[in-house]
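Me: Please take a close look at one part of this model, the way its helices pack against one another, and describe the contacts residue by residue.

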Amino acid sequence: MTRLIFLGPPGAGKGTQAQTLAEHLNIPHISTGEILRQAMKEQTPLGIKAQSYVDSGELVPDQLVEDLVQERLDQPDAKNGWILDGFPRKVTQAAFLEKLLEAIHQGGERVVNLDAPDEIVIARLLARGRKDDTEEVIRRRLEVYRAETAPLIDYYGDRKKLLTVNGNQSQEDVTGELQKVIAS
Ligand SMILES: Nc1ncnc2c1ncn2[C@@H]1O[C@H](COP(=O)(O)OP(=O)(O)O)[C@@H](O)[C@H]1O
C-alpha cells in the first residue's frame, strides 16, 4: 500500500514525477492544482471561488481544498493508495490531513520532498507558460512556498515521515532516485 505526499517548490517536477509513479503503481494521482484548474475551466462553484487566488499565486482558502481532498480520498479508487500532489501546502492543512487520515483509516503515509534551487524552478516554470506562470505570479508562488509550505519539511521530518529526492537532475534520474527511496 503506497500513500505518498509530494512536497517541493513549484517547478520542482512534482506533477510529472507523481503522475509517472502513480501510473506505475496503478494508484490515483491527486493534484489539487489540477483539480482546481479543471474546476475553473468548467466554471463550477469551486472554480469560481478559487480563480482569483490561483491567478495571483495565492493559496486558496483551506476550506476549499480540504473539502475537495476529503471527497477525493473517499472515492473507491483511493482505497488502494494514492499520491497527493499540492496538498498539504501549509501547516493547518497538514494538521487537517493528519486527522482525516486517522478518521478514514488511511495512515502510514510518507512524504517526498522534491527539491530544486530557485533559478532552476523559475526557468522551468517560465518555459512551461501556464496562465499562472508569468514572472510576477511565479515570484509570488515562490514566496508563498517559502513562507507557508517549506515549514512542512520540518513538520514531517519531526514525524519521521520525510524522504528527500534531488529534483535538479534529469527526469529519468529523478524517477530512478524516487523509486529507490520509496522502496527503502
Ligand atoms: N493545497 C492548496 N492550498 C491552497 N491553494 C492551492 C493548493 N493546491 C493548489 N492551490 C492553488 O493552485 C495553484 C496551482 O497549484 P499547482 O498546480 O500545485 O502549481 P505549482 O506547484 O506549479 O505552484 C496554487 O498556486 C494555488 O493557488
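Reply: In this predicted model, helices α2 and α3 are roughly perpendicular to each other, because the angle at which they pack, about 115°, still falls within the range of 65 to 115 degrees that counts as such. Helix α2 covers residues 32–41 and helix α3 covers residues 45–56, and their axes lie 8 Å apart. The crossing in which α2 passes α3 is left-handed. On the side of α2 the contact is formed by Leu-36, Ala-39 and Met-40, while α3 contributes Leu-46, Gly-47, Ala-50, Gln-51 and Val-54. Sorted by class, the residues of this contact comprise 6 nonpolar and 2 polar ones, with no charged residue; the two polar members are Gly-47 and Gln-51 of α3.

A second pair to consider is formed by helix α4, residues 62–73, and helix α5, residues 91–103, which pack at an angle of about 25° with their axes 11 Å apart. Since angles under 35 degrees count as roughly parallel, α4 is described as roughly parallel to α5. Here the crossing is right-handed as α4 passes α5. From α4, the residues Asp-62, Val-65, Glu-66 and Gln-70 take part, and they meet Thr-92, Gln-93, Phe-96 and Leu-100 of α5. This contact of α4 with α5 divides into 3 nonpolar, 3 polar and 2 charged residues, and the charged ones are Asp-62 and Glu-66, both in α4.

Technical notes. Residues are numbered from 1 along each chain as its sequence is written. This is a predicted model: local features need pLDDT of at least 70, side-chain atom pairs count only at pLDDT 80 or more; totals for chains, interfaces and linings use all residues. Axes are lines fitted to C-alpha atoms, for helices over the stretch in contact, and angles run from 0 to 180 degrees between N-to-C directions. Helices (H or I, at least four residues) and strands (E, at least two) are DSSP runs, numbered from the N terminus. Angles under 35 degrees count as roughly parallel, over 145 as roughly antiparallel, 65 to 115 as roughly perpendicular and the rest as oblique. A crossing is left-handed if the near helix is turned anticlockwise from the far one by less than a right angle, and right-handed if clockwise. Two residues are in contact if their C-beta atoms, placed from the backbone, lie within 7 Å.
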